[in-house]
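Good morning, and thank you for joining this short presentation. Please take a moment to look at the sequence and the model on the screen before I begin.

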Amino acid sequence: MSYVYELPVGKGKQFLNKGGVGNIVLGGWQVNGITTFQAGSPFTVTQVLNGANVDSGQFRPDLIGNPNDLSHSRHRGQQVAQFFDTSAFRVNQPPDPVNGPFRFGTEGRHVVIGPGINDFDFAAYKVFPFKETRQLQFRAEFFNIFNHPIFANPGATLGTLQFGRLSATTVDPRDIQFALKLYF
């Protein structure tokens, strides 16, 4: 969702429209923003061991439970340490007395859902006209204003130390910038 709103304050507006100090300080402000909420992307878990004895492709483990069963309302530290239920996977390793010496794992494609996005960007602008055709614009822009971490997909390789752990972000932490823009 994106929005642009010019505040109804200052000369020619609904409030404080007589000019003076109120107009100089509070008039001419515009606020903008972009708010993004997005569900997580699906991804596939792989394993290091080549249980199918093939030369290429992804080596998939056996799926023995629901990896998306863990609550996302858990404490943030618990989610970082184990984002999905890692016990839902078992290494597909030969020889398997029931299914033969080499086989593909039972996990399907894209069975785990990664972390979603919750991002707020915000900006405030004020225009200072100083001649008929010239104006100066002050800009204050806040990206990821609430400094909410937006994590990348967790480690997806069974048998590694990073399996199921969140270890990277996809968006920078809060970023604030100020600018002056001259229109002539």
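Let us start with Glu141. Its relative accessibility is 12%, and since buried means under 20%, Glu141 counts as buried. Please bear in mind that we are looking at a predicted model.

Which residue does Glu141 form a salt bridge with? The partner is Arg139, and the closest N and O atoms of the pair are 3.4 Å apart. Arg139 has a relative accessibility of 18%, so this residue is also classed as buried. As a general point, side chains of opposite charge can pair when their charged atoms come close.

The count of salt bridges comes to two. In the other one, Asp62 is paired with Arg90, with 3.3 Å between the closest N and O atoms. Asp62 belongs to strand β5, residues 62-63, and Arg90 to strand β6, residues 89-90, so this salt bridge ties together parts that are 28 residues apart in sequence. Are these two residues buried or exposed? Asp62 is buried, at a relative accessible area of 2%, whereas Arg90, at 45%, is partly exposed.

I turn now to the pairing of strands. Strand β2, residues 29-38, runs antiparallel to strand β1, residues 2-6, and five bridges join them. Strand β2 also pairs with strand β8, residues 117-129, in the antiparallel sense, here over ten bridges.

Asn32 in β2 is a useful residue to follow on the screen. Opposite Asn32 stands Val4, and in β8 the bridge partner of Asn32 is Ala123.

Conventions:
Residues are numbered from 1 along each chain as its sequence is written. This is a predicted model: local features need pLDDT of at least 70, side-chain atom pairs count only at pLDDT 80 or more; totals for chains, interfaces and linings use all residues. Side-chain values use heavy atoms; hydrogens and water are left out. A salt bridge is a side-chain nitrogen of Lys or Arg within 4 Å of a carboxyl oxygen of Asp or Glu. Helices (H or I, at least four residues) and strands (E, at least two) are DSSP runs, numbered from the N terminus. Buried means under 20% relative accessible area, exposed over 50%, partly exposed in between (1.4 Å probe, protein chains only). Two strands pair if DSSP finds at least two bridges between them.
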